[in-house]
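Student: I have a structure open on my screen and would like to talk it through. Could you help me read it?
Tutor: Happy to! Let's look together.

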Amino acid sequence: MMDANLKFTRHDQNETQVVLQVDGDVTIHTSPRMRDQLKPLFTATMKEIRVELNGVDFMDSSGIATLVEGLQWARLTGGRFILSGLSENVRDVFALAKLDTVFDIDSNVIEEKSA
Amino acid sequence: MTASKCIQDVSFSECESSHVGKLHLQINCNSDCIYVLRSMVAVMTTRACMEARQSNRVSIAVDELFANISKHAYGGKAGRVELETFLEVDAHGEQELVFDFRDYASVGWQGSMEEAAERSIDVENLCPGGLGLKLICSAADHCEHEVLSDGNHWRLKFCINNKSL
């Protein structure tokens, strides 16, 4: 099943910055795994949590809900929560939900890769 | 017999007729082969010559509606879901892609699709299911819901060649 192929790679930039690379489809079947990977990143010492989504072509409401939880955790711990590398499809889903302006979305990663 | 010979044996008219027919699926809502839905969407959006973004919107709406039926109508338990999809021309001569869902759940959904479409998402108090309905109503050009004596009927319509994208 294609959903089972969701992969996560954690890149610690330093003691206060971390990147979680996500590759695959984020659906109702896989988003609990993304939640499990995401939640431990929100600590009092972590100041920037970046989720790199350039490997995600499809995301449903459960994936967005998980990222909304990330936003809530960031507000509790005082860290910055950034989404980057959104594909056109994923960005469109955020726009449909009218949440594209709520998140801190960084498009630089896509531009760097395509340059 | 070689593979090419098999292909030649299929007449053009038979291939052509498959492009105007309906697709019908009956599936258990807790099935592990949800990707079949995605395949049906891919076939129909290809027939409708939809662009990638519009095709993705159809996938989102169909996935979300199926998930809602599974989670809320059947409560995560097994239950029959029927899906039929076809292309049609509306009263104004515009082509549209239609998805009809039928469930046999004892729970009839009493909400309003119009309200779901207009509802703003509260990121501080995100309620389960609300975001899915919001996506369905935003992605589809037209949503209908009807409570039946033995379940629910849902209809999603997508305009083809949607210039608003």
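Student: Not counting residues up to four places away in sequence, which residues does B:Leu135 touch?
Tutor: Keep in mind that this is a predicted model. With those sequence neighbours left out, B:Leu135 has partners in chain A and in chain B. Those in chain B are B:Ile60, B:Ala61 and B:Glu64. From chain A come A:Ser61, A:Val93, A:Leu96 and A:Ala97.

Student: How many residues does the largest nonpolar core have, and which helix gives the largest share?
Tutor: The largest nonpolar core has 63 residues. B:Leu135 is among those with the most contacts inside this core, along with A:Ile64, B:Ala61, B:Leu65 and B:Ile136. The largest share, nine residues, comes from helix 4 (residues 52–73) of chain B.

Student: How many residues of chain A are in contact with chain B, and of which classes are they?
Tutor: On the chain A side, 19 residues are in contact with 19 residues of chain B. Helix 2 and helix 3 of chain A each supply at least two residues of that side. By class, the chain A side has 13 nonpolar, two polar and four charged residues.

Student: Why do the buried residues of helix 3 of chain A line one face of the helix?
Tutor: The buried residues here are A:Val90, A:Asp92, A:Val93 and A:Leu96. In an α-helix there are 3.6 residues a turn, so residues three or four places apart point the same way. Seen down the axis of helix 3 of chain A, the buried residues line one face because they fall within an arc of 155 degrees.

Student: What covers those buried residues of helix 3 of chain A, and which exposed residues are on the face turned away?
Tutor: From chain A, the cover includes strand 3 and helix 2. Chain B adds helix 4 and helix 6 (130–139) to that cover. The face of helix 3 of chain A turned away from the buried side carries the exposed residues A:Glu88 and A:Ala95.

Student: In strands 3 and 5 of chain A, which residues are the bridge partners of A:Leu83?
Tutor: A:Leu83 is on the covered face of strand 4 (residues 80–84) of chain A, together with A:Phe81. Strand 4 of chain A runs parallel to strand 3 (residues 48–55), with five bridges, and parallel to strand 5 (residues 104–106), with three. The strand 3 partner of A:Leu83 is A:Val51, and the strand 5 partner is A:Ile105.

How values were computed
Residues are numbered from 1 along each chain as its sequence is written. Chains are lettered from A and ligands numbered from 1 in the order in which they are written. This is a predicted model: local features need pLDDT of at least 70, side-chain atom pairs count only at pLDDT 80 or more; totals for chains, interfaces and linings use all residues. A residue is buried if 20 or more other C-beta atoms lie within 10 Å of its own, exposed if 12 or fewer, and partly exposed in between; C-beta atoms are placed from the backbone. Helices (H or I, at least four residues) and strands (E, at least two) are DSSP runs, numbered from the N terminus. Two strands pair if DSSP finds at least two bridges between them. Two residues are in contact if their C-beta atoms, placed from the backbone, lie within 7 Å. Ala, Val, Leu, Ile, Met, Phe, Trp, Tyr, Cys and Pro count as nonpolar, Asp, Glu, Lys and Arg as charged, and the others, Gly among them, as polar. A nonpolar core is a set of buried Ala, Val, Leu, Ile, Met, Phe, Trp, Tyr and Cys residues joined through C-beta atoms within 7 Å. The arc is that of the directions from the helix axis to the C-beta atoms.
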